[in-house]
Amino acid sequence: MRDIFISPHGNMLENWSEACPKALVSTSVVTVPVNEPVLFWVHANANNQTWLEKTMAEITKKFQVSKIVVLANTPNQTEALAAISKGAAGYCHAYSAAGVLNELKTVVSHGGIWLGRDLLQSLISVSREFVHNPSDQVHQALALLTPREQEVALQASTGLSNKEIARVLKITERTVKAHISSTLERLGLKDRLQLALVLNSKSTEPVQVPKAAKPSKLVASSKKVHSSKKVQSASGSFKKKLELAAA
């Protein structure tokens, strides 16, 4: 997926160049000469909301297989919520470190959504009001994971950052990241918000790590498909509520 930065001033920030050394920069979508999937990084400022909405609409219309990430000079939850509801796959600070931008690109390229920590925690809190799963289904999902993946997944589903999870479980952030990646793959999920939806139980009691042995690969595969379909349905319902909240 090709990287193209859209900025009103046509300038590449140093962190953008470091993260995407082969990227192009343009002042508008009209001047972009590509016929392939593109990740558009749209630079938003507090005083150009109209320009941002127009640019996103043009990208959505002309590049239907591409994705949009909004880079904000002064990130705020209202703008982030509006951007996601209008089709953005990511939202972050324009001056985020190159490593963060690379991680963001990986998540978005695989179909996930990238949000700032505060907004992610807010959405996870909202999701707990809208989506509830029977405890047995939550335990079925956890049973597909290793014991350590289960611990990390439960912490991540509450909205904790990798650093916070590492501190709670007394492991490294690198280990946390690896466990979350493998967990999403095992459960057929795209991002941490979907993980929160899957592990949100109807029970008022905190979900505990199941003691049952892991199922066979055949059973695990079957449950993974079921879990994936279920969370897609839940995500669709949640997205509609998200759009209403942003209206």
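Tutor: Before we start, contact here means heavy atoms within 4.5 Å. Keep in mind that this is a predicted model.

Student: Okay, which residues does V42 touch, not counting residues up to four places away in sequence?

Tutor: V42 is one of the residues that touch the most other members of the largest nonpolar core. Leaving out residues up to four places away in sequence, its partners are I6, W51, L52, T55, I59, I68, V69, V70 and L71.

Student: Which element gives the largest share of that core?

Tutor: The core has 25 residues. Elements giving two or more residues to this core include β1 (2–6), α2 (49–62) and β4 (67–72). The largest share is four residues, and the element behind it is β3.

Student: Where's the second core, and how many residues does it have?

Tutor: Look for L142, L144, L169 and L195, which are among its members. This core is separate from the one around V42. Its residue count is 21.

Student: Why do some strands have one side without a neighbour in the sheet, and which ones are they?

Tutor: Five strands make an open, parallel sheet, ordered β2-β1-β3-β4-β5. Two of them stand at the edges with a single partner strand each, so one side of each has no neighbour in the sheet. Those strands are β2 (24–26) and β5 (90–93).

Student: What angle does α3 make with β5?

Tutor: α3 packs on the sheet and touches β3, β4 and β5. Compare directions of helix and strand, and the angle comes to about 150°.

Notes:
Residues are numbered from 1 along each chain as its sequence is written. This is a predicted model: local features need pLDDT of at least 70, side-chain atom pairs count only at pLDDT 80 or more; totals for chains, interfaces and linings use all residues. Side-chain values use heavy atoms; hydrogens and water are left out. A nonpolar core is a set of buried Ala, Val, Leu, Ile, Met, Phe, Trp, Tyr and Cys residues joined through side-chain atoms within 4.5 Å. Buried means under 20% relative accessible area, exposed over 50%, partly exposed in between (1.4 Å probe, protein chains only). Two strands pair if DSSP finds at least two bridges between them. Axes are lines fitted to C-alpha atoms, for helices over the stretch in contact, and angles run from 0 to 180 degrees between N-to-C directions.
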